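User: Could you take a close look at one part of this model for me, and follow its contacts outward from there? I'd enjoy a connected account rather than a list.

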Amino acid sequence: PIEDNLGMEALAHYHRALIVGLEAVQNGGTPIAALSGAVPVFDKRLDAPAGLQLTGLDAHGADLFAVFRGYAPETGSIIDVRRFPQIGGIGERLVRLERPLLADNFEGIAVTAINEQTLRLYIISDDNFSRRQKTLLFAFDVSSSSEASRSATAP
């Protein structure tokens, strides 16, 4: 069973399949399903960073990119963006936003190639009609090579 508001949150076209991910964390991982029929079977997992939930997916080439988010009123938001060369494993951290940095309700990701060496990651938040949140679009350039990319820089 899936708890309220922890259902299908992320969607990407990956390896010729439509991949959907749950916001819920189960057994330390985020359930992932390749949609091939009317009912998704969540038989795969992405390891979720501790205390964070999946909120966005995109794919580029052979890699799957995921946005994870956490929030607590006393500490604020934490955003973690990771690259997965395959479904499974902990992935490579590309971006981490947390207090005191500006972090908000990031729920979407899009990845595009700038050139052969550089990918641009766009992450977007929404304000949920709240005065405490903002609609933001951030962009980060990262290496297109998963081994070489250890940090991100804002363009």
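Analyst: Let's start with the hairpin that β9 and β10 form, with four residues between the two strands. This is a predicted model, so please read everything below in that light. The two strands run antiparallel and are joined by seven bridges. To place one of these on your screen, find G108, whose bridge partner in β10 is I124.

Now go to the start of β9, which covers residues 106–113. F106 has a relative accessible area of 0%, so this residue is buried. Its ring pairs with that of F138: the centres are 5.0 Å apart and the planes stand at 50°, so the pair counts as tilted, since that angle is not over the 60 degrees needed for edge-to-face. F138 sits in strand β11 (residues 137–143), and the pair therefore links parts of the chain that are 32 residues apart. F138 is buried as well, at a relative accessible area of 18%, which is under the 20% cut-off.

From F138 the trail goes on to F140. Here the ring centres are 6.2 Å apart and the planes meet at 70°, so this pair is edge-to-face. F138 and F140 are both buried. Taken together, ring pairs link F106, F138 and F140 into a cluster, and the structure as a whole holds three aromatic pairs.

While you are in β11, have a look at D141, which also lies in that strand. Its relative accessible area is 17%, so D141 counts as buried. The side chain of D141 makes a polar contact with the side chain of R120, at 2.7 Å.

Back to F106, because this residue also belongs to the largest nonpolar core, a set of 17 residues. F106 is among those with the most contacts inside that core, together with V81, L97, L121 and I123. Both strands of our hairpin, β9 and β10 (118–125), give two or more residues to the core, and so do β6 (63–72), β7 (76–84), β8 (92–98) and β11. In general, nonpolar side chains tend to be buried together in soluble globular proteins.

V81 is a good residue to centre your view on. Setting aside its neighbours within four places in sequence, V81 is in contact with A66, V67, E92, R93, L94, V95, I109, L121 and I123. Another core lies apart from this one; it has 16 residues, including A12, Y14, I32 and F84.

The hairpin has a charged side to its story too. Side chains of opposite charge can pair when their charged atoms come close. E107 forms a salt bridge with R69, with the closest N and O atoms 3.0 Å apart. R69 lies in strand β6 and E107 in β9, so this bridge ties together parts that are 38 residues apart in sequence. E107 is partly exposed, with a relative accessible area of 26%, whereas R69 is buried, at 12%.

R69 has a further partner in E23, and the closest N and O atoms of that salt bridge are 3.0 Å apart. E23 is in the loop between β2 (17–22) and β3 (29–35), so the bridge from there to R69 in β6 spans 46 residues of sequence. At 5% relative accessibility, E23 counts as buried. You can thus step from the loop at E23 to R69, and from R69 on to E107 in the hairpin.

Charged pairs turn up beside V81 as well. The side chains of D80 and R82 meet in a salt bridge, at 2.6 Å from N to O. D80 counts as buried at 0% relative accessibility, and R82 does too, at 10%. Both take part in a network of salt bridges that links D80, R82, R93, R96 and E98. The count for the whole structure comes to ten salt bridges.

One last stop takes us away from the hairpin, to the loop between β1 (8–14) and β2, where H15 is placed. Most residues other than glycine have a negative phi. H15 is not a glycine, yet its phi is positive, at about 50°. R16, found in the loop between β1 and β2, also has a positive phi without being a glycine, at about 60°. H15 counts as exposed at 52% relative accessibility, and R16 is exposed too, at 81%.

Conventions
Residues numbered from 1 in each chain as written. Predicted model: local features only at pLDDT ≥ 70, side-chain atom pairs only at ≥ 80, totals over all residues. Heavy atoms only, no water. Phe/Tyr/Trp six-rings, centres within 6.5 Å; stacked < 30°, edge-to-face > 60°. Buried < 20%, exposed > 50% of the residue type's maximum accessible area, 1.4 Å probe, protein only. Polar contact = N/O pair within 3.5 Å; in protein donor to acceptor, adjacent residues only side chain to side chain. Core = buried A, V, L, I, M, F, W, Y, C linked by side-chain atoms within 4.5 Å. Contact = heavy atoms within 4.5 Å. Salt bridge = Lys/Arg side-chain N within 4 Å of Asp/Glu carboxyl O. Pairing = 2+ DSSP bridges.
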